[in-house]
Amino acid sequence: MHDRHGRTHTESKYSLARSAPHLALMENGGEAAKWRFGAANPALEAAGRHNIRSLVHDLYDCLDRTDSRSVVPLGHGDPSVFACFRTAAAAEEAVVATALSGKHNNYARAAGVEEARSAVAEYLSRDLPYEVTADDVVITAGCNHAIEVMMAVLAAPGANVLLPRPGFPMYESRAALCGLEFRHFDLLPDKGWEVDLHGVEAVADESTVAMVIVNPNNPCGCVYSYDHLAKIAETARKLGILVISDEVYDHCVFGSKPFVPMGVFGAIAPVVTMGGISKRWMVPGWRLGWIAATDPNGILRDKKIIESAIGYRAISVDPATFIQGALPQIIANTEQTFFENAMNVLREAAEICYQKLKEIECVTCPHKPEGSMFVMVKLDLSCLDGIHDDVDFCSKVASEESVLICPGSGLGMKDWLRITFAVDPPLLEDGLERVKSFCKRHGKPRR
Ligand SMILES: *Cc1c(COP(=O)(O)O)cnc(C)c1O
């Protein structure tokens with residue numbers, strides 16, 4: 001065998017036989033080395049158990065490669081792959097212009113590029129009864145990174161956080177990884193997936209430091225009303241905890257309810273607002289998000305929450321500086337019509353999804369989606385033959401129909417399904433039609 005310098009391996013000056021003949025001999029039965037390492041971090045294993053990326057990826061392995069139909073990805077939300085959801089031209093131009101300016105090729109400060117922090121502060125202030133300042137903002141590599149930062153900031157020994165069920169499993173993963181205890185409260189399907197506030201009070205104790213809400217909601221597709229958010233704030237105040245409001249789907253509403261940011265209630269209980277451009281601008285690959293103290297009384301500042309978040313940012317990954325540099329222009333130049341068009345397509349897709357689901361006998365959808373890109377659906381296994389749970393259902397739908405759906409177990413909801421409708425509408429319709437014929441084929445004969 002020759003390497004790229006044309007030498008044969010035996011004559012290479014790096015040949016083991018030549019440089020360390022005693023080691024080369026060991027391959028033939030010398031003393032075995034004792035390797036002391038292994039991938040055995042229990043916290044990492046615990047964190048991985050909440051990872052739905054791997055659940056959805058397992059489904060890819062179930063696909064039948066001989067099926068000539070296109071794969072319908074209803075498992076994870078990434079609309080950016082469809083032409084109808086292409087981001088605003090103004091956003092792409094802002095990134096290009098920033099790259100060409102040569103002004104953002106540097107390392108940025110830990111809190112983020114100053115102009116980006118100001119742009120986020122101004123963006124959030126539009127919908128709030130007080131001003132957020134650049135000092136209240138930390139730029140992150142997407143909203144997932146914001147979750148990572150906040151879980152680490154709150155991970156005091158013995159502390160616990162309250163997470164919604166169903167929820168977004170990155171919270172569980174990140175809390176597990178940094179040794180922060182988490183407890184669940186339920187979202188109530190019969191009440192439009194509102195937070196079970198009695199449940200929140202029941203699981204909280206003196207060591208509880210925060211509760212998380214996601215609004216507009218992934219995975220339920222609900223949007224919380226002004227009154228419900230006020231009640232959440234009152235509950236947090238009573239418990240003495242902060243509210244982490246995941247608003248990565250801010251303004252992603254297409255039903256009758258408007259989007260109300262949790263920060264509106266920041267004077268009742270301190271709110272950490274997290275967001276990003278991944279969903280509203282449909283560019284999850286650009287990896288840009290934020291954490292903001294939306295707390296007019298400055299309690300988060302007194303408690304050094306933002307300071308600590310910046311401290312964590314200083315030792316974790318950085319969002320690309322030129323994307324941060326482009327943010328002010330992305331926000332300022334994106335035309336309203338882009339958002340309107342995107343919401344029109346999502347509204348149409350949600351409608352198709354809801355109507356199609358009604359035609360499928362073994363599933364029920366307790367709440368018509370009015371925001372985000374997801375809906376939760378309950379599986380009725382009693383009307384299906386030979387399907388033992390949600391994971392089995394999703395594996396078989398993948399292999400027989402080339403449709404990918406996220407099993408609810410991944411979100412703490414066994415025998416439920418999470419479906420994204422942020423898919424090109426004709427493909428969505430085709431995919432759900434396939435699920436329908438799957439259910440017919442596997443349906444128990446009616447008596
Ligand atoms: C997609 C999503 C995120 C992660 O957003 P990125 O900006 O892509 O990291 C966080 N929270 C929820 C609820 C999401 O749906």
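**From a buried methionine to the ligand shell and the sheets**

Let's start at M282, which counts as buried because it has 25 C-beta neighbours inside 10 Å, and the bar for that label is 20 or more. Keep in mind as you click around that this is a predicted model. M282 sits in the loop between β8 and β9, and its backbone is a bit odd: phi is positive, about 60°, although the residue is not a glycine. Most residues other than glycine have a negative phi.

Stay in that loop and you'll find K279, between β8 (271-276) and β9 (289-294). The UniProt annotation, from an unreviewed entry, marks K279 as "modified residue: N6-(pyridoxal phosphate)lysine". Is K279 buried or exposed? It is buried, since 27 other C-beta atoms lie within 10 Å. Leaving out residues up to four places away in sequence, K279 touches V248, Y249 and C252.

Now look at H251, in the loop between β7 and β8. H251 also has a positive phi, about 65°, without being a glycine. With 17 other C-beta atoms within 10 Å, H251 is partly exposed, because that count falls between the limits of 12 or fewer for exposed and 20 or more for buried.

Next, the ligand. It is surrounded by 13 residues, and the closest are G142, C143, N144, N218 and S278. By type, the shell splits into five nonpolar, six polar and two charged residues.

N218 also takes us to a pair of unusual peptide bonds. The bond from N218 to P219 is cis, with omega near 15°, and the bond from N215 to P216 is cis too, with omega near -15°. For context, most peptide bonds are trans. P216 is in the loop between β6 (208-214) and α10 (226-239), and P219 lies in the loop between β6 and α10 as well.

Strand β7 (residues 242-246) holds I244. I244 is buried, given its 25 C-beta neighbours inside 10 Å. Not counting residues up to four places away in sequence, I244 touches M150, A210, V212, V272 and M274. I291 is 47 residues from I244 along the chain, yet their C-alpha atoms are separated by 9.5 Å.

Over at β3 (residues 160-165) and β4 (residues 181-188), the two strands run parallel and are joined by six bridges. The chain gets from β3 to β4 through helix α8 (residues 170-177), in a right-handed β-α-β crossover. Within the pair, L162 stands opposite R183 in β4. On the next step, β4 meets β5 (residues 194-195) in antiparallel fashion, with two bridges, and L187 faces V195 in β5. The hairpin of β4 and β5 has five residues between the strands, and there G192 takes a positive phi near 65°.

Finally, there's an open sheet of five strands with mixed pairing, in the order β1-β12-β13-β11-β10. The edges belong to β1 (72-74) and β10 (363-364), and each has a single partner strand, so one side of each has no neighbour in the sheet. At the β10 edge, two bridges tie β10 antiparallel to β11 (residues 374-379), where L379 is the bridge partner of V363.

Definitions and conventions. Residues are numbered from 1 along each chain as its sequence is written. This is a predicted model: local features need pLDDT of at least 70, side-chain atom pairs count only at pLDDT 80 or more; totals for chains, interfaces and linings use all residues. UniProt positions are given in the numbering used here, feature names are shortened, and annotations may be inferred rather than shown by experiment. Helices (H or I, at least four residues) and strands (E, at least two) are DSSP runs, numbered from the N terminus. Two residues are in contact if their C-beta atoms, placed from the backbone, lie within 7 Å. A residue is near a molecule or strand if its C-beta atom, placed from the backbone, lies within 6 Å of it. Ala, Val, Leu, Ile, Met, Phe, Trp, Tyr, Cys and Pro count as nonpolar, Asp, Glu, Lys and Arg as charged, and the others, Gly among them, as polar. Two strands pair if DSSP finds at least two bridges between them. A crossover is right-handed if, with the strands pointing away from the viewer, the path from the first strand over the helix to the second runs clockwise.
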